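Trainee: I am new to this structure and would like a close look at a single part of it, the interface between chains. Please take me through it slowly, in one connected account.

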Amino acid sequence: MAYDYEKSIRPGKLPHIWCPGCGHGIVMKGLIRAMDTCELDRKNTAIVSGIGCASRLPGYLDACTLHTAHGRAAAFATGVKMAKPEMNVICCGGDGDGTAIGGNHFIHACRRNIDMTYVLMNNYIYGMTGGQFSPCTPTGHNASTTPYGNPDPIFDISKLAIGSGATFVARTTAAHPREIDKLITQGIQHKGMAVIEVIDDCPTTYGRRNKFRSVVDMMKRLKTEAVPVKAAAKMTAEQLEGKFLTGILFQDTEKPEYCDQYAEVIKKAQGA
Amino acid sequence: MAKKVALLQGNEACAQGAVYAGAKFFGGYPITPSTEVAEVLSVELPKVGGKFIQMEDEIAAMASVIGASLTGAKSITATSGPGVSLKQELIGYACIAEVPCVIINVMRGGPSTGMPTGPGQSDVMQAMWGTHGDHAAIALVPDSCQEIFTETVRAFNLAEKYRMPVQVLFDEIVGHMRERIEFPEPGELEVIDREAPSVGPDDYKPYDSTKGQIPPLADFGSEYKYHVTGLNKADDGFPTTKASLVDAEERRQIDKVMDNIADIESNEEYMTEDAEVIIWAFGSTSRSARYAVNELRKEGIKAGMFRPITLWPFPAKRTAELADQAKAIVVAEMNLGQMVYEVERVAQGNCVVVHEGRVDGDPINPGQIMDKVKEVL
Amino acid sequence: MSGARLEVIERNCKGCSICVEFCPKNVLEMDVFLVTVPRPEDCIKCMQCELLCPDFAIKVHDE
């Protein structure tokens with residue numbers, strides 16, 4: 001009944017640093033459940049992150065954890081995976097870390113289809129630095145650097161991942177905890193680049209500036225704005241206005257995985 | 001058994017040196033004039049079960065090298081000035097996280113795009129002060145294809161032994177010219193491998209320096225689980241802002257190099273015993289300096305050459321001694337004055353220190369060195 | 001009787017009130033910045049509170 005998260009968490013690390021109502025803790029729980037479901041040997045698991053609130057996640061987990069520089073998680077993780085393909089490699093981070101400064105590494109890791117699972121917590125803001133807008137802050141919304149409303153158009157992270165070549169792309173939200181671990185499990189089990197975007201809550205810097213009176217309001221909007229892919233198929237464009245799709249958005253099991261491809265290079269080099 | 005000999009380009013000698021040292025990972029990005037290092041390693045590494053990857057930019061290349069090194073693979077990247085500029089933040093990361101890796105900088109004319117196919121030595125201060133924050137640095141400056149081979153091996157040894165990034169800088173001339181190389185036999189050159197942790201996984205702390213300045217680094221994917229971060233951290237690898245710990249760790253990471261200069265330094269001296277003027281030069285410039293010494297000697301001028309092979313940590317002791325001995329030191333370097341300031345600092349006025357430089361894309365020639373020597377004597 | 005025991009790890013709870021709002025049986029209440037369990041007997045062990053708690057501060061035990 002009560003889930004034993006504590007066996008996956010380094011002793012003495014709780015309570016964690018995330019703000020009251022921040023969704024990252026919920027995602028971390030989902031990741032722990034997924035790693036347990038996949039029976040990942042934590043000695044053989046690298047959890048890599050960049051910089052930002054979401055990127056503090058690896059520090060809490062008892063595994064080979066690598067808290068890198070802002071935006072560079074996917075590139076560090078590529079080095080880990082290439083050097084030791086037998087390791088399970090999980091990347092995590094936020095929307096700013098992953099798609100702004102980290103965008104180039106994100107799209108190239110997707111392009112390579114290297115076997116890793118990227119859990120991208122999209123809370124629409126740079127939380128750690130106090131609430132600046134990110135490439136995913138909805139247009140028109142407020143942030144500490146868009147006091148007149150965000151003029152920027154934004155990324156659809158999942159489309160970006162699909163367009164770049166990732167072969168398992170899914171989305172869920174912090175208000176759908178069971179789906180978090182289900183999708184991360186499938187991502188881990190998928191051989192290739194798996195991107196799981198979790199629409200997340202930042203009540204402290206995003207919620208406050210965008211008319212969300214409370215943490216609960218933010219969680220409730222995740223429930224109302226999320227539309228499972230299957231349900232969306234039967235809905236009209238108007239009905240889908242302001243919504244986003246959740247579940248598995250794209251999966252390709254044909255595209256070769258990068259380390260497998262490089263194993264062929266080694267065979268040729270040693271055979272020749 | 002006759003030694004295997006080959007006519008090798010400097011960049012290729014670097015790649016061969018890396019393989020000899022046991023490199024198992026290269027993460028790079030194409031850039032003139034260093035690309036041949038990558039090309040050769042893309043051929044050689046998979047032969048020995050190593051991995052080559054061309055990343056999306058130099059930052060990614062540096063990141064992949066650090067990631068790979070953490071799994072236990074000896075890792076290297078090669079680039080030129082612009083690439084080293086891009087890698088600076090992560091070079092600092094490798095310093096604070098103490099991750100062994102080798103960075104090759106085949107220097108070209110700078111700044112910015114500069115002269116990609118021209119030589120330069122204007123990245124030498126960058127090798128020490130390029131990234132933000134206080135940190136140690138080791139930089140080696142070979143002057144021949146043979147020495148590129150041996151210094152690349154030494155760079156890996158120093159990186160593994162001192163658990164940090166080590167840079168090897170040679171300019172485009174040395175990188176692109178071809179010279180006769182004698183391949184050392186396996187075992188002939190010392191190759192240092194990473195020291196395994198002395199405690200079991202449950203007691204392991206990645207930065208526990210109670211047993212020595214340089215804590216052993218366990219491999220990701222072995223029996224050890226631990227945390228790595230770029231934040232100031234305590235001995236267990238977790239972030240701390242505790243003043244005493246932050247201060248102690250910063251100083252340890254510098255002292256581990258500065259306390260071991262004798263082990264790291266490497267210089268060549270040519271006819272300095274009775275020299276009244278020292279030409280202080282490295283890399284390809286030292287070839288002109290050596291020629292100038294010979295010519296000056298013919299003209300009865302007691303000249304000598306001091307050639308650092310380890311540029312950082314700076315060879316302060318020997319430079320100071322030569323400053324006491326000589327009337328003047330001429331620092332010849334393909335820039336508008338960089339190492340000259342270190343020489344001046346160390347000479348403390350005990351002799352005249354002048355600079356002979358050049359940034360027009362041509363190498364410094366013996367004649368201009370000789371003119372400067374005569375001018376200053 | 002539901003036979004569930006709700007454990008609150010007080011030092012972890014940050015009073016975000018997600019659990020209180022999302023409990024379908026109104027078992028929980030906020031005491032300023034700390035969750036309390038006034039009506040444990042109504043708990044149907046749906047696990048929403050434990051799943052949605054970001055702070056590892058509430059557990060649903062079988063009893």
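Mentor: Two residues are said to be in contact here when heavy atoms of theirs lie within 4.5 Å of each other. Please keep in mind throughout that this is a predicted model. By that rule, the contact between the two chains takes 39 residues from chain A and 41 residues from chain B.

The size of an interface is often given as the accessible area lost when the parts come together. For chain A and chain B this buried area is about 3100 Å², and carbon and sulfur atoms carry 62% of it. Looking at the chain A side alone, the residues that lose the most area to chain B are A:Lys43, A:His67 and A:Phe76, which together account for 18% of what that side buries.

One of these residues, A:His67, also takes part in a pairing of strands across the interface, where its bridge partner in E10(B) is B:Thr229. The two strands concerned are E2(A) and strand E10 of chain B, residues 227-229, which run parallel and are joined by three bridges.

Charged side chains meet across the interface as well, and the count between chain A and chain B is two salt bridges. In one that can be named, the side chains of B:Lys225 and A:Asp62 come together with 2.8 Å from N to O. The rule asks for a nitrogen of Lys or Arg within 4 Å of a carboxyl oxygen of Asp or Glu, so the pair of B:Lys225 and A:Asp62 qualifies. If we turn to polar contacts, there are 17 residue pairs between chain A and chain B, counting those in which both residues have pLDDT 80 or more.

It remains to see which parts of chain A form its side of the interface. Two or more residues each come from helix H2 (57-60), strand E2 (64-67), helix H3 (73-83), helix H5 (103-112) and helix H12 (258-271) of chain A. H3(A) provides the largest share, with seven residues on the side that touches chain B. Sorted by class, that side of chain A has 18 nonpolar, twelve polar and nine charged residues.

To gather the picture, begin at E2(A), which runs parallel to E10(B), then look for the salt bridge of A:Asp62 with B:Lys225, and finally follow H3(A), with its seven residues facing chain B.

Note on methods:
Residues are numbered from 1 along each chain as its sequence is written. Chains are lettered from A and ligands numbered from 1 in the order in which they are written. This is a predicted model: local features need pLDDT of at least 70, side-chain atom pairs count only at pLDDT 80 or more; totals for chains, interfaces and linings use all residues. Side-chain values use heavy atoms; hydrogens and water are left out. Buried area is the accessible area (1.4 Å probe) that two parts lose on being put together, summed over both. A polar contact is a pair of N or O atoms within 3.5 Å; within protein, one must be able to donate a hydrogen and the other to accept it, and residues adjacent in sequence count only if both atoms are side-chain atoms. Helices (H or I, at least four residues) and strands (E, at least two) are DSSP runs, numbered from the N terminus. Ala, Val, Leu, Ile, Met, Phe, Trp, Tyr, Cys and Pro count as nonpolar, Asp, Glu, Lys and Arg as charged, and the others, Gly among them, as polar. Two strands pair if DSSP finds at least two bridges between them.
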